[in-house]
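Dear colleague,

I am passing on the structure we spoke about, and below it you will find my notes on what came out of it. Please read them with the model open beside you.

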Amino acid sequence: MQDDAEKNQKEKKSILDDILGNAIASTKKHEETNAGLETKKCKSCGAARPSDTDLKYCDFCENQFY
Ligand SMILES: [Zn+2]
């Protein structure tokens, strides 16, 4: 019985590790996807436009984003 309990403990830990690993992996994937969708780059000078602003013109060269 003792052995079973220890085995269960180990299985639970490894399941938890899997869940954590998946969560980290999916968080990373989510971040990458968001970055691709939300970060616009200036077509003229290549500067990144911050995704949390309403800039219509590039800060650096004043090229229009839209
Ligand atoms: Zn620019």
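**What was found**

Buried residues, meaning those with 20 or more other C-beta atoms within 10 Å of their own (exposed is 12 or fewer, partly exposed is in between, and C-beta atoms are placed from the backbone), make up 2% of the 66 residues in the protein chain. Please bear in mind that this is a predicted model, in which local features need pLDDT of at least 70 and side-chain atom pairs count only at pLDDT 80 or more, while totals for chains, interfaces and linings use all residues. Residues are numbered from 1 along each chain, as its sequence is written.

On confidence, pLDDT is the predictor's own estimate for each residue, on a scale from 0 to 100, and its mean over the protein chain is 75, with 73% of the residues reaching 70 or more. Among the elements, helix α1 (residues 2–38) has the lowest mean pLDDT, 70, whereas β2 has the highest, 82. Where pLDDT is low, the predicted coordinates should not be read in detail.

The protein chain has 1 helix and 2 strands, which run α-β-β from the N terminus on; helices (H or I, at least four residues) and strands (E, at least two) are DSSP runs, numbered from the N terminus. Taking two residues to be in contact if their C-beta atoms, placed from the backbone, lie within 7 Å, one finds that, of the contacts between residues at least 6 apart in sequence, 3% join residues at least 24 apart.

Which residues does cysteine 58 contact, leaving aside its neighbours within four places in sequence? They are Cys42, Ser44, Cys45, Ala47, Arg49, Asn63 and Phe65. Cysteine 58 itself is placed in the segment after β2, and it counts as buried because 20 other C-beta atoms lie within 10 Å. Its C-alpha atom is 8.8 Å from that of serine 44, although the two residues are 14 apart in sequence.

Lysine 40, in strand β1 (residues 40–41), is partly exposed, since 15 other C-beta atoms lie within 10 Å. With its neighbours within four places in sequence left aside, lysine 40 is in contact with Arg49 and Phe65, and its C-alpha atom is separated by 7.4 Å from that of proline 50, 10 residues away along the chain.

Leucine 55, found in the segment after β2 (48–49), is likewise in contact with Arg49 and Phe65 when its neighbours within four places in sequence are left aside. Leucine 55 is partly exposed, with 14 other C-beta atoms within 10 Å, and from C-alpha to C-alpha it lies 8.0 Å from phenylalanine 65, 10 residues apart in sequence.

Finally, glutamate 62, which also lies in the segment after β2, has a phi near 65°, a positive value in a residue other than glycine. Glutamate 62 is exposed, as 10 other C-beta atoms lie within 10 Å.

With best wishes
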